[in-house]
Protein chains: 2
Amino acid sequence: MNDVTFRCDCPISSALDLLGDKWTLVIIKQMLLENRRTFKDFLEADEGIATNILSTRLKWLESLDLITKEKLPDNKKVNIYRLTEKGLSSTPIIIELAIWSDKNLRQLHPILQESNAMIHTDKQGLIDHLITNYRKQNLE
Amino acid sequence: MNDVTFRCDCPISSALDLLGDKWTLVIIKQMLLENRRTFKDFLEADEGIATNILSTRLKWLESLDLITKEKLPDNKKVNIYRLTEKGLSSTPIIIELAIWSDKNLRQLHPILQESNAMIHTDKQGLIDHLITNYRKQNLE
DNA sequence: TTAATTACTTGCAAATCGCAAGTAATAATC
DNA sequence: GATTATTACTTGCGATTTGCAAGTAATTAA
């Protein structure tokens, strides 16, 4: 499963070898900002990912140690997916995508959702808050 | 050419509808950090993009107004590609990818190139410097 | 005037995507 | 306790995208 191949030795291109596709960062965003953590949660999101793609991407993310997968003791059916610290550390990338979007995409896509206002007044505060909050809600 | 379709109204997913693939941000990086600006420049980079993919992506980036294409008055052959302000404003995304890579990818890919040291001591300074510098070198 | 360079296009095989359908295990309901 | 629903998948298949090789057309250099 974990057949990572890197195009070259550039750190930026290498990051994109892992994260640079249509779905990987979307799934991380759904976990971080929308508290999604089960297969069904991801399927129900607005982006409309297909089941086979979701299944493949979750395995990919797990093999890269960006997320973990476990079952709760009282439920043998539902898998809970959680961001690892490595996954959580992609928060600044996601926030910069939101900022770029706010600045450049509204004329192309007028009905874009509003971003958290804090994104423009205290970016680092927002990032810290999101990470702290995520950790808090996922101690177990 | 410009057949942008957005999956949904999330700003982050929408940014990834434009930038979230294997090559788009790599080309922007090559322009911003490696001063590449001709078809040949891009082809010669370590990432090894194929000619047909490069051609398609340059048109895509131009149609989105992230880059411009023009010929110099003294050379009717070579096209010069340049980042627009919209393209330049993706610099923070690229820098955050480099930071994430520095932090998380070295154990997976030990021979990664060193990033500019400033990235960890004065991130905003580096971003400002890169943008100012790029503008200076591309006034014409 | 011949050769080289640049910026492409075309063809094709392989890989990936995305929809639909099916399955297997567990949990909830009657 | 049997039936139904839910969750997390897998499989099949057609469509799209990728990446390599080869070819082309315009311009420039030798």
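This report describes a predicted model, taking in turn the relation between its protein chains, the surfaces beside the DNA strands, the aromatic pairs and some buried positions.

## Relation between the chains

In this predicted model, chain B is superposed on chain A by a rotation of 180 degrees with 0.0 Å of shift along its axis, and the RMSD of that superposition is 0.0 Å. This is the relation of a two-fold axis. Among the residues of chain B, B:Asp21 comes closest to the rotation axis, its C-alpha lying at 2.2 Å.

The interface follows the same pattern: 100% of the interface residues of chain B are also interface residues in chain A, so the copies meet through the same surface.

## The surface beside DNA strand C

DNA strand C is surrounded by 22 residues, of which the closest are A:Asn52, A:Lys76, B:Lys40, B:Lys59 and B:Tyr81. Of the atoms of this strand that come within 4 Å of the protein, sugar and phosphate account for 70%. Sorted by class, the surface near DNA strand C has 6 nonpolar, 8 polar and 8 charged residues.

Individual polar contacts involve both a base and the phosphates. A side-chain N or O atom of A:Asn52 is 2.5 Å from a base nitrogen of DNA strand C, whereas B:Tyr81 places a side-chain N or O atom 2.3 Å from a phosphate oxygen of the strand. At B:Phe39 a backbone N or O atom is involved, lying 3.0 Å from a phosphate oxygen of DNA strand C. The elements that give two or more residues to this surface are H4 of chain A together with H3, H4 and S2 of chain B.

## The surface beside DNA strand D

Around DNA strand D there are 21 residues, and the closest are A:Lys40, A:Lys59, A:Tyr81, B:Asn52 and B:Lys76. Sugar or phosphate supplies 69% of the atoms of DNA strand D within 4 Å of the protein, and the rest belong to bases. The surface near this strand has 5 nonpolar, 8 polar and 8 charged residues.

Side chains from both chains approach phosphate oxygens of DNA strand D. In chain A, a polar side-chain atom of A:Lys59 lies 2.7 Å from such an oxygen, and the corresponding distance for a side-chain N or O atom of A:Lys69 is 3.2 Å. In chain B, an N or O atom in the side chain of B:Arg57 is 2.9 Å from a phosphate oxygen of the strand. At least two residues of the surface are supplied by each of helix H3 (39-44), helix H4 (51-63) and strand S2 (79-83) of chain A, and by helix H4 (51-63) of chain B.

## Aromatic pairs

Over all chains the count comes to 2 aromatic pairs. In chain A, A:Phe42 and A:Tyr81 form a tilted pair, with 6.2 Å from centre to centre and 55 degrees between the planes. This pair links distant parts of the chain, since A:Phe42 is in helix H3 and A:Tyr81 is in strand S2, 39 residues apart. Both partners are covered: A:Phe42 is buried with a relative accessible area of 0%, and A:Tyr81 counts as buried at 5%.

In chain B, the rings of B:Phe42 and B:Tyr81 have their centres 6.2 Å apart and their planes at 55 degrees, so this pair is tilted. Here too distant parts of the chain are linked, with B:Phe42 in helix H3 and B:Tyr81 in strand S2, 39 residues apart. B:Phe42 is buried at a relative accessible area of 0%, and B:Tyr81 is buried at 6%.

## Buried positions in chain B

Helix H2 (residues 24-34) of chain B is mostly covered, with 9 of its 11 residues buried; among them are B:Leu25, B:Val26, B:Ile27 and B:Ile28, as well as B:Lys29 and B:Gln30. The helix is followed by B:Asn35, whose phi is positive, near 55 degrees.

Two other buried residues of chain B have contacts in chain A. B:Ser13, in helix H1 (residues 11-19), counts as buried because its relative accessibility is 1%, under the 20% cut-off. Beyond its neighbours within four places in sequence, B:Ser13 is in contact with A:Val26, A:Lys29 and A:Glu47, and also with B:Arg7 and B:Cys8 of its own chain. B:His109 lies in the loop between helix H6 (91-104) and helix H7 (118-121) of chain B and is buried, with a relative accessible area of 9%. Apart from its neighbours within four places in sequence, B:His109 is in contact with A:Phe6, A:Cys8, A:Asp9 and A:Ser14.

Methods: Residues numbered from 1 in each chain as written. Chains lettered and ligands numbered in written order. Predicted model: local features only at pLDDT ≥ 70, side-chain atom pairs only at ≥ 80, totals over all residues. Heavy atoms only, no water. Near = heavy atom within 4 Å. Polar contact = N/O pair within 3.5 Å; in protein donor to acceptor, adjacent residues only side chain to side chain. Helix = DSSP H or I, 4+ residues; strand = E, 2+ residues; numbered from the N terminus. Nonpolar A, V, L, I, M, F, W, Y, C, P; charged D, E, K, R; others polar. Buried < 20%, exposed > 50% of the residue type's maximum accessible area, 1.4 Å probe, protein only. Contact = heavy atoms within 4.5 Å. Least-squares fit on C-alpha atoms with pLDDT ≥ 70 in both. Phe/Tyr/Trp six-rings, centres within 6.5 Å; stacked < 30°, edge-to-face > 60°.
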